[in-house]
Each structure stands twice: as C-alpha cells, then as structure tokens.
Amino acid sequence: MPTMNAGIQVRERHTKHWAPAFKKLRRLKVQKVKLPNFREEDTISELTPDQIRSRMKEQGILPPRSWMERPITISATGAVFEPYIPPEGDGKLSSLTLGGAKQSMEFLSKKSKSMLAVRKIRSFEDNFSPSTFAEEAQDIYIKAHKALVEKDYDTLHQCVTELCFPLMTEDLKMCTTRWQFLKSLEPPRVVHARCTDIINKENIFSQVTVRFHTQQTLAVYDRFGRLIYGSEVVAKDVVEYVVFEKHLANSYGLWRIHEKIIPDWMPAREPGRKTYVQQKPVVESEPVADTAVPATPTEQSAAVA
C-alpha cells in the first residue's frame, strides 16, 4: 500500500530490506564452495590425456616433470686446486745460504701465475693487496682457533669452510683444548694464489696460500682431564701453510680457512697419548672340596637312639 510522507507518495516493496547499504556484504556471506571429489583417483585412470591436462589447468596444477630439480648452493670447493709445494727445509734455511737462495729463486719463478690470480681477485675486490691480506689472514687464523678452543661453532663457521670444519672438530669433540698464540717469528706472507671457475665462467673461487711462522702453545686433555698431547708451558715454533678461500662471485663471500698444506718431507707428528679402561683379570675359582665326613650306619643309629 502506498504511504504518505510529507505529502509525497512513495511506493515501497515488502521484500526490501530496511538497511540496503549492506546488501553486497549480505550477499557475500553465502559463497558457493566446490567440494572435493574424494573418488577422483578411482576415475582418473579412465580419463584421456587431454581431459587430465584440462583438469589440471582448471585446478592450477603444473604438469609433472620427468626430472627433479633441487637447488644447490656451492659455498666452497671440495679440495685445493693446484696446491702449493713448500720447499724442503723451509724455516730452517737462511736466505744467505745456498739452499735459501735456491728457495728464493724458485719462489720468483712461480710468481707469474700468482700475479695473474691476484689481478683476477682485484677485478672483484679493488682494495685487495697480498701484503695487507697476510695480516688479515692472521687475524682470521687466530679467531678461528680461539673459537675452536671455546667450542663456539657459530663463529667457527664464519672463519672456516665446510671442508675444513669437520677436519678441525672431529677429533676434539670429547677433549678440552688449551691454545695460545704467543708471537710471529716472521711476518706472514702470501706465497701462492689461484682462481678457478665451477659450472660456469662467472662462478669464480679464489684460493690464497699464506705462510705463517709463529710461536704457539697447545695442550689437549681428554674427558678425564689427562694430558694426551702438547703442553701449556712449552712453546713451539710452527711453520704452516694455510689455504684461504673465498667465493668471489658471491658479493657476501668471506675469506675463510680451507685447508692446511702438509708437505711430504715434513716429519711425522708425535702421536697423542690415549688412555683406555683396563680390563679386570678373570680369576677362575677352584671347586671347593666337601670336608664333611659321611656318617657310618652305627653312628646314625646311635644318634637316633
């Protein structure tokens, strides 16, 4: 029925809502949901390839591939490419002697490839210099060994590569280590540098070998507190050739310890003293003889009486 409002006739429907502003929201309250067909796997064998393709396209599913692709991150190489061969008697021969002069001449003859590798590194790092990198490498060396002594593996991962980490920590899991860096007998210097590419030409890794001649103390104790190697009092002169590696193609790459070069002419290291649980000797017990004297029939009858 028409109503009269202020003398104006307005026609209204009986089905009209009293608040039409939210009509769209009321319509969205109820949505049609397509229920899954749990018996689809039973009928999929009856479908043709075109029907399967159209159904996967309708559901937004990519077609399966015949191979599986997995992302691989190569953050470190698995070995030392073109390792440096230390001259025999290094650290004991003076440069004034004949052997020391031969070592200096061999070092100069092998310096050309290292200079090309340094030039390649400078294409990624403008401020790279072998003289300043040797000091930086010594700081990384000291930081890594302090983290190893304190068992700070998070810091150790930042100082060593994935190849070097198990080599440093495997034998010291159940041990207590005391290590101290005393001084450098000779300034550290870069003796070798190489660059290589992996998979493609842009993925370049660099390895720099640094010579350290230092004085250190090392003592290793087992889990029972017994000294098995070294001493905290006696200092030793150590000549080491440590390989540092960096992923040059990675803008966030770090110089890390990769491996240590041990020449063939170096004498074998003194083995550690290990302790074992001594087994108790097994003593065979002898059978005990029966010392009781059997009673005679007369004694039994007398006892009964």
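This text walks through one strand, its two partners and the cysteines of a predicted model.

A good place to begin is strand β4, which covers residues 204-221. Of its 18 residues, 16 are buried, so strand β4 is largely enclosed by the rest of the structure. Burial here refers to a relative accessible area under 20%.

On one side of the account stands strand β3, made up of residues 176-197, which pairs with β4 in the antiparallel sense over 17 bridges. Within this pairing the reader can locate F181, which lies opposite Q216 in β4. The two strands form a hairpin with six residues between them, and in that hairpin I199 adopts a positive phi near 70°.

The next partner to follow is strand β5, residues 227-247, which runs antiparallel to β4 and is joined to it by 16 bridges. Here F205 has H247 in β5 as its bridge partner. β4 and β5 also make a hairpin, this one with five residues between the strands, and in its turn G225 has a positive phi of about 85°.

The cysteines can be considered last. A disulfide is a covalent bond between the sulfur atoms of two cysteines. When the whole structure is searched for such bonds, zero disulfides are found. Two cysteines can nevertheless be described by their surroundings: C159 has a relative accessibility of 3% and therefore counts as buried, while C175, with a relative accessibility of 14%, counts as buried because its value also falls under the 20% limit.

Technical notes:
Residues numbered from 1 in each chain as written. Predicted model: local features only at pLDDT ≥ 70, side-chain atom pairs only at ≥ 80, totals over all residues. Heavy atoms only, no water. Buried < 20%, exposed > 50% of the residue type's maximum accessible area, 1.4 Å probe, protein only. Helix = DSSP H or I, 4+ residues; strand = E, 2+ residues; numbered from the N terminus. Pairing = 2+ DSSP bridges. Disulfide = S-S within 2.5 Å.
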